[in-house]
Amino acid sequence: MYLRMGSNAASKRLWKSGRSFLTLCATPTQHKTEETQDSLNTAKAHKCCAENTVQHKTNSSPCASQRMLRLQLNELDREYRTLQENYKRVLAHAEDTNRRVRKSVEDARIYGIHSFCKDILAVADLLENTTQEVTEMEQANTNPTMKNLHEGLCLINEKLCNIFVKYGLEKMSSIGVKYNSAEHEIVLRVPSVEALPGTVVKIEQEGYKLHGRILRTAQVGLAIEAQPHLRKGRNGS
């Protein structure tokens, strides 16, 4: 009997020990399961959040695309305006350059003979002075040779004047005009009771223009007011 009672007590102690052992062994596994469940719940939550985010992006993607396209359009518009302004600036510069080149070419064509004309004027002056001298000699002498020489000089002078006109070289008319510092060079002053003071009354050397541009100024005598006794003598006569 004592043996049976001892055996029952030992069985109870063993059962309790086994239960405690099972409890101890089951605790880490339960914790692990709970951690796994938490991880699953967290992953699920993240998944739902990600799905919501994707759905939100999907729903809002047209607006985002429109904003992006609008920004790109604005950027392209700014670039277009910049290129257009640069194009206009370059075009204006090219037109100005072409205009200056054309003017330079035209000036070279028209005024390229500037130096030659200045040199040939010396010949024209010599021919004109010789013609005047021969005219005076012809008037004082009836020699036919002088007459023929005078006629030849007059023909040469006329031909030369025609050539001057052909190439835009013209003689300035200075007698009786008011003094102009751009066209006239004063070499003497002539007292005059008829001409107004400051007007040209005598030409020592003719002035010329080439296509309207002054090639050589005229050397002139300028009228000044006559002395009182000269005015009285003029009035008395």
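K171 sits in strand β1, which spans residues 169-171 of this predicted model. At 38% relative accessibility, K171 falls between the cut-offs of 20% for buried and 50% for exposed, so it counts as partly exposed. Setting aside neighbours within four places in sequence, K171 is in contact with E128, E206, G207 and Y208. Another way to place K171 is by its distance to L210: the two C-alpha atoms are 9.1 Å apart in space, while 39 residues separate them in sequence.

R216 shares some of that company. This arginine belongs to strand β5, residues 213-216, and beyond residues up to four places away in sequence it touches L121, D125, M172, Q205, E206, G207 and Y208. E206, G207 and Y208 thus turn up on the contact list of K171 and again on that of R216. As for the charged end of the arginine, the side chains of R216 and D125 are joined by a polar contact of 2.7 Å. R216 has a relative accessibility of 15%, under the 20% cut-off, and therefore counts as buried.

Strand β5 pairs with β4, residues 208-210, and the two run antiparallel with three bridges between them. Within this pairing, K209 has I214 of β5 as its bridge partner. Two residues lie between the strands of the hairpin, and H211 is placed in that loop between β4 and β5. What is the sign of phi at H211, which is not a glycine? It is positive, at about 55 degrees. That is worth a second look, since most residues other than glycine have a negative phi. H211 has a relative accessible area of 40%, so it is partly exposed.

Strand β6, residues 218-225, has pairings of its own. With β2, residues 184-192, it pairs in the parallel sense over eight bridges. With β3, residues 200-205, the sense is antiparallel and the bridges number four. V220 of β6 figures in both pairings: it is the bridge partner of I186, and it also stands opposite I203.

Turning to the helices, α3 covers residues 144-166, 23 residues in all. From first C-alpha to last, α3 reaches 33 Å, close to the 33 Å expected at 1.5 Å a residue. Which residues of α3 are buried? They are M146, H150, L153, L160 and F164. The spacing of such a list can be read with the helical repeat in mind: an α-helix has 3.6 residues a turn, so residues three or four places apart point the same way. Just after α3 comes G168, with a positive phi of about 80 degrees.

T131, in helix α2 (residues 114-140), brings α2 and α3 together in the contact lists. Once neighbours within four places in sequence are left aside, T131 is in contact with H150, L153 and C154. H150 and L153 are among the buried residues of α3, whereas C154 has a relative accessible area of 30% and is therefore partly exposed. T131 itself counts as buried because its relative accessibility is 9%, under the 20% cut-off. Its side chain also finds a partner within the chain, reaching the backbone oxygen of L127 at 2.7 Å.

C154 invites a word on cysteines. C117 has a relative accessible area of 5%, so this residue is buried, in contrast to the partly exposed C154. How many disulfides does the chain contain? The count comes to zero, with a cut-off of 2.5 Å between cysteine sulfur atoms.

Stepping back to the whole chain, there are four helices and six strands. Read from the N terminus, the elements run α-α-α-β-β-β-β-β-β-α. Of the 237 residues, 16% are buried. The accessible surface comes to about 18800 Å², and carbon and sulfur atoms account for 57% of it. Finally, among contacts with a separation of 6 or more, 64% are between residues 24 or more positions apart.

How values were computed
Residues are numbered from 1 along each chain as its sequence is written. This is a predicted model: local features need pLDDT of at least 70, side-chain atom pairs count only at pLDDT 80 or more; totals for chains, interfaces and linings use all residues. Side-chain values use heavy atoms; hydrogens and water are left out. The expected span of a helix is 1.5 Å times one less than its number of residues. Buried means under 20% relative accessible area, exposed over 50%, partly exposed in between (1.4 Å probe, protein chains only). Contact means heavy atoms within 4.5 Å. Accessible areas come from the Shrake-Rupley method with a 1.4 Å probe; for residues, only the protein chains shown count as cover. A polar contact is a pair of N or O atoms within 3.5 Å; within protein, one must be able to donate a hydrogen and the other to accept it, and residues adjacent in sequence count only if both atoms are side-chain atoms. Two strands pair if DSSP finds at least two bridges between them.
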